[in-house]
Each structure stands twice: as structure tokens, then as C-alpha cells.
Amino acid sequence: IEKSKSDKFDCQIRILQNGLKALLVSDPEAENSSAALGVNVGSFIDLPDEMGLAHFCEHLLFMGTEKYPSENEYEEYLSKNGGSDNAYTTGDKTVFYFNVNNDAFEGAVDRFAQFFICPLFNEGSVEREINAIDSEFSKNKNSDIWRFTHLFKTELNKDCPFSKFSTGNKQTLNQPDIRDRLLKMYKKYYSSEIMNLVLYSQLPMDNLIKLTEDLFTLVPKRENFSMPKYDQVKSYDQNNLGFLYKIIPVKDEDSIKFIWYLPFCDNYYARPLNFLSSLFGHEGENR
């Protein structure tokens, strides 16, 4: 890891036996501790008749584990120890994170790790979390960003993964076998080899290494796992390019957006398009 001379952090990258990658940061001056874990799959893996399933999985992972079966154990532990947490699902990844007081960090990491080791996907939580997702969807109806995004998706080729209804709602998720579908998806895609972990704490590096290895080596590595491909169907063709859309916003504002369709980039995690967008938006001399 390349660091500046003024960087006091002790950092290490560890790749566990199950393939999980961990960045560990020991900061003796940390005011509190935090952790994040990203899984490199998201709503792009949803099937046409189960839109929002990856998002639903994100919600239900919080609802108890074999080691900590109480539905509110994780949230209550963080709350009692000055912490908070959240998660989000995008097309190609799902990310979970929290922060907590330093002296409660090891207990929080233990509870956090169980999401990916032995979640219960509690049946009693299914209906309530579907309602929670439906509430999110309803709230987003009055957001211009979300309205534009959904219009944008409807114009894509229907078989490309980018066109999927990523959040889901009651209509897409309220199915008799939705929990069975969720378990099948989790056991297929939540594999340790596509997970990335970050731990940041006051703890000495040796303690962070032990904590990581003791807990996260228990995350299952799925047999015959295959990373899904997202470029099999083009998002655009001659039938849906070259259009001007006029949208009436909820807010009283005027804006214009230009969108270019570019071929799929295998190295998209390096964000090469960020360089182009920075050049387009540069406001320096002779721009």
C-alpha cells in the first residue's frame, strides 16, 4: 500500500483462504471505529419475475442470524454503543457499513459478520420488509432523479440488465415463494470470493488481523461460482438512440442532460469515463 509520509495509519491488505479481500486500517487516533463490506452483485442479477430481490436481500440480512437470532440485536447493539449503520444496493454491488464506539467494535464486527455466515432470513420479517421497500418506492415517486432514472430505464432494450426495476415494490415482491427465491439467490451469489471488507479502528493491527481471520474466513465460498456478465445484450441500438425527451419535473427547475451510449468496458471498475467527464466539465482556462 502506497502512503504519504504524513499518514500515521498502519494499513494492510489480507486475502483470506476463502478469497475474501480485506483492507485493515489501524489508527491510534480514531475517535470511533467502522467497517464496510461490499458484495459485487446487485440488482442486475434480479430475474424478470422477481424485480427488487437483491434489494430485498439487503433488507432481510439485518433480521437476525443463527448466532444472534433476535431481529433487532445488531441495531440495538450499535445504538447502545453510539453507533449507526446503513446499506445500499446498486446494479452491480451491495454495500453494508456501520460505525460504533471503539470499545464496542469487536462485538459489532462479530454481529456484522454473521450476516454473511449464517443469516436466518426470518419468515416473520418478510411481509414487513416488503412493506418497507414499497414505502421507499412510494417516497421516490416525487423525486425528479428517480423519475428520470425510471424513464431512462424504460427506453433501454428490455433484456439488458440496466433496464431492471432495481428497488422493487409490493407488486414485484409479494409472492408466496419469495423467501425461497431469496435463499436460492443468496446461496448462489453471496460468495466470499466477490466480497471486499474494510475495518478501521484503534485496535492494533495484530488484533484486526485476528478479528478478520477468526470471523470472515467462515463466510462460505460457493461451489462452481460464476460471476454474472452484464454485456450480453446491448442497452441501445438504432431503435432507441437519437431521441430528445421533454420531462415535466416535480420541482420548479430547468435543466438539460446529454447522454452518450458507449460500449461496455471490461475495466469499468477503474472508472475510465470519470476522466472524460472531468475534461468535459473542466472550467479552467481555454476549456
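Colleague: Let's start with Arg111: is its side chain buried or exposed?
Modeller: Happy to! Keep in mind that this is a predicted model. Arg111 has a relative accessible area of 14%, and the cut-off for a buried residue is under 20%. Arg111 therefore falls in the class called buried.

Colleague: Which residue meets Arg111 in a salt bridge?
Modeller: The partner's side chain comes to 2.7 Å from that of Arg111, N to O. The pair links distant parts of the chain, 38 residues apart, with Arg111 in helix H3 (residues 105-113) and its partner in helix H2 (residues 73-80). That partner has a relative accessible area of 22%, so it counts as partly exposed. The residue is Glu73.

Colleague: What is the volume of the largest cavity?
Modeller: The count comes to one cavity of 30 Å³ or more. Its lining includes both Glu73 and Arg111, along with Phe62, Tyr68 and Phe115 among others. By class, that lining has four nonpolar, three polar and three charged residues. The volume is about 50 Å³.

Colleague: How many residues apart in sequence are Glu213 and Arg14?
Modeller: These two form a salt bridge, and their closest N and O atoms are 3.2 Å apart. Glu213 lies in helix H8 (residues 205-216) and Arg14 in strand S1 (residues 10-15), so the pair ties together separate parts of the sequence. Both are partly exposed, Glu213 with a relative accessible area of 34% and Arg14 with 27%. Their separation in sequence is 199 residues.

Colleague: Which residue forms a salt bridge with Asp214?
Modeller: Here the closest N and O atoms are 2.6 Å apart. The two residues sit four apart in helix H8, which means about one helical turn separates them. Asp214 counts as partly exposed at 43%, whereas its partner is exposed at 51%. That partner is Lys210.

Colleague: Which arginine belongs to a network of salt bridges with Asp49, Glu50 and Asp177?
Modeller: Side chains of opposite charge can pair when their charged atoms come close. In this network Asp49, Glu50 and Asp177 are linked with one arginine. A salt bridge needs a nitrogen from Lys or Arg and a carboxyl oxygen from Asp or Glu, so the nitrogen in this network comes from Arg181.

Colleague: And how many salt bridges does the structure hold?
Modeller: We have already met several, including Glu73 with Arg111 and Asp214 with Lys210. For the structure as a whole, the number of salt bridges is ten.

Note on methods. Residues numbered from 1 in each chain as written. Predicted model: local features only at pLDDT ≥ 70, side-chain atom pairs only at ≥ 80, totals over all residues. Heavy atoms only, no water. Salt bridge = Lys/Arg side-chain N within 4 Å of Asp/Glu carboxyl O. Buried < 20%, exposed > 50% of the residue type's maximum accessible area, 1.4 Å probe, protein only. 1 Å grid on protein atoms, 1.4 Å probe; cavity = no way out; pocket = protein on both sides within 12 Å on 5 of 7 lines; lining within 4 Å. Points joined across faces, edges and corners; volume = space filled by probe spheres on them. Nonpolar A, V, L, I, M, F, W, Y, C, P; charged D, E, K, R; others polar.
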